[in-house]
Amino acid sequence: MLKILKNFTDSPTSGGIILFICVLISLTIANSPFGAAFENILNTPLGFETASVHLRYTTALWINDGLMAIFFLLVGLEIKRELVSGELSTPRQALLPIFCAFGGAIVPAGIYFAVNQGTETVSGWGIPMATDIAFALAVIAMLGKRVPASLKVFLAALAIVDDLIAILVIAIFYSAELHTIYLGYAAAILALLFIFNRLGVRSLIFYLIPGLFIWYFVHHSGIHATIAGVLTAMTIPLATKGKKEPPLLKLEHALTTPVNFLIVPLFALANTAIRFEEGMLEGLVSPLGIGIIVGLVLGKPVGVYLMTKLAILLRIGSIPQGASWAQIIGVGLLAGIGFTMSIFIALLSFSDNLLIAEAKFSILVASLLSGITGYILLSRVATPSNDNEKKT
């Protein structure tokens, strides 16, 4: 029994399977008689609050801003490892996902703005910009060895930059107020962690405890708190010392199982509880629905593909090793899985409950279309041979 459980947890597809089961459970509960009770649980406040410390938030917020910061910490560790000694260790390889992320954000936003210009929903232009990294990586993980490892790293890096762009958009265009003093506190602690790194401090406690304070100050600054996970990850040492495992790899190995089998499933349960309401179907063919669906399903792959072409033309990037152009389009489709960040921006964009419901339903439809078409394309496209790869 233990062997079966270990084989399941070690499988690259098991996390994705659990994730999609949680999505189905969440949708079922939200549209059942238990929907109201489930919503009450998500809205239940937890934590404590004093005159100077504010740590009392709803269950949903603890999941989205607290637990997901750990997820982003893990992703940040993976990205740093690849930047230092992996697939993104050369400037040309690192620049490509950054370049593509901007294309994958600007094109969908442009499509939405063009469709909704002059309407009451034009303020939602940021909705199709974001990629849900948890779902996108889960889908590509389910493909296993059918896609090259470099393509998975490329998607992870693209999604990280994409989310950072979305976070900046929220901070600049959708935040009521930024608290620069909290940003200053977070920056000071981050600088201290980089000093620890330069001094050769290897104990993880000297990075993780200050990382909690970075999370607290980033959260109170008005910027999405999950960025604290990525920032903290960038400071953790990867250099080896003797035969000891590098701190970064040690933490990465420790976080992988709880993130994949606890944090991400909880995240899916909390954020896909979309109640199907009257008017949602009509919303799919409204400017709001068209802007979201076309932006995510078409705008994302077009933006990623065109920027890949442009980056290679300008000689500032190279296609991921072992990948084909069809697979680049497939990654662009997976980047069109919006879900959480898109829903979050929708909540910030509108005050009308019907518009919010239409936006959520459109995001769900677009994300399903992007995920399914991306999975089918990547599963059917063969990885090019070494000879073709060299020609590319």
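Hi everyone, let's begin with one residue: setting aside its neighbours within four places in sequence, histidine 219 is in contact with Tyr57, Leu61, Asp65 and Ala225. Before I go on, please keep in mind that this is a predicted model.

So where does histidine 219 sit? You'll find histidine 219 in helix α9, which covers residues 205–221. And is histidine 219 buried or exposed? Its relative accessible area is 16%, and because the cut-off for buried is under 20%, histidine 219 counts as buried. One of the contacts I listed deserves a second look: the side chains of histidine 219 and aspartate 65 are joined by a polar contact of 3.2 Å.

Now, on to helix packing. Two packed helices are described by the angle between their axes and the distance between the axes, and I have three pairs for you.

The opening pair is helix α6, residues 133–142, with helix α7, residues 149–174; they pack at an angle of about 170°, and their axes are 10 Å apart. That angle makes α6 roughly antiparallel to α7, because angles over 145 degrees are put in that class. Which residues make the contact? From α6 we have Ile133, Ala136, Leu137 and Ile140, and from α7 there are Leu151, Lys152, Leu155, Ala156, Ala159, Ile160 and Asp163. Sorted by class, the α6 and α7 contact has nine nonpolar residues, two charged and no polar ones.

Stay with α7, please, as α7 also packs with helix α14, residues 325–334. Here the angle is about 35° and the axes are 11 Å apart, and the crossing of α7 and α14 is right-handed. On the α7 side, the contact uses Leu151, Phe154 and Leu155, while α14 brings in Gln327, Ile328, Val331 and Leu334. By class, that gives six nonpolar residues, one polar and no charged ones.

Our last pair is helix α13, residues 287–313, and helix α16, residues 353–380, with an angle of about 25° and axes 9 Å apart. Those two are therefore roughly parallel to each other, and α13 passes α16 in a right-handed crossing. What does α13 put into the contact? Leu288, Gly289, Ile292, Ile293, Leu296 and Val297 come from α13. From α16, the contact includes Leu355, Glu358, Ala359, Ser362 and Ile363, and also Val365, Ala366, Leu369 and Ser370. The class count for α13 with α16 is 11 nonpolar, three polar and one charged.

That's my tour, thanks for listening!

Definitions and conventions: Residues numbered from 1 in each chain as written. Predicted model: local features only at pLDDT ≥ 70, side-chain atom pairs only at ≥ 80, totals over all residues. Heavy atoms only, no water. Axes fitted to C-alpha atoms, helices over the stretch in contact; angles between N-to-C directions. Helix = DSSP H or I, 4+ residues; strand = E, 2+ residues; numbered from the N terminus. Parallel < 35°, antiparallel > 145°, perpendicular 65-115°, else oblique. Contact = heavy atoms within 4.5 Å. Nonpolar A, V, L, I, M, F, W, Y, C, P; charged D, E, K, R; others polar. Buried < 20%, exposed > 50% of the residue type's maximum accessible area, 1.4 Å probe, protein only. Polar contact = N/O pair within 3.5 Å; in protein donor to acceptor, adjacent residues only side chain to side chain. Left-handed = near helix turned anticlockwise from the far one by under 90°.
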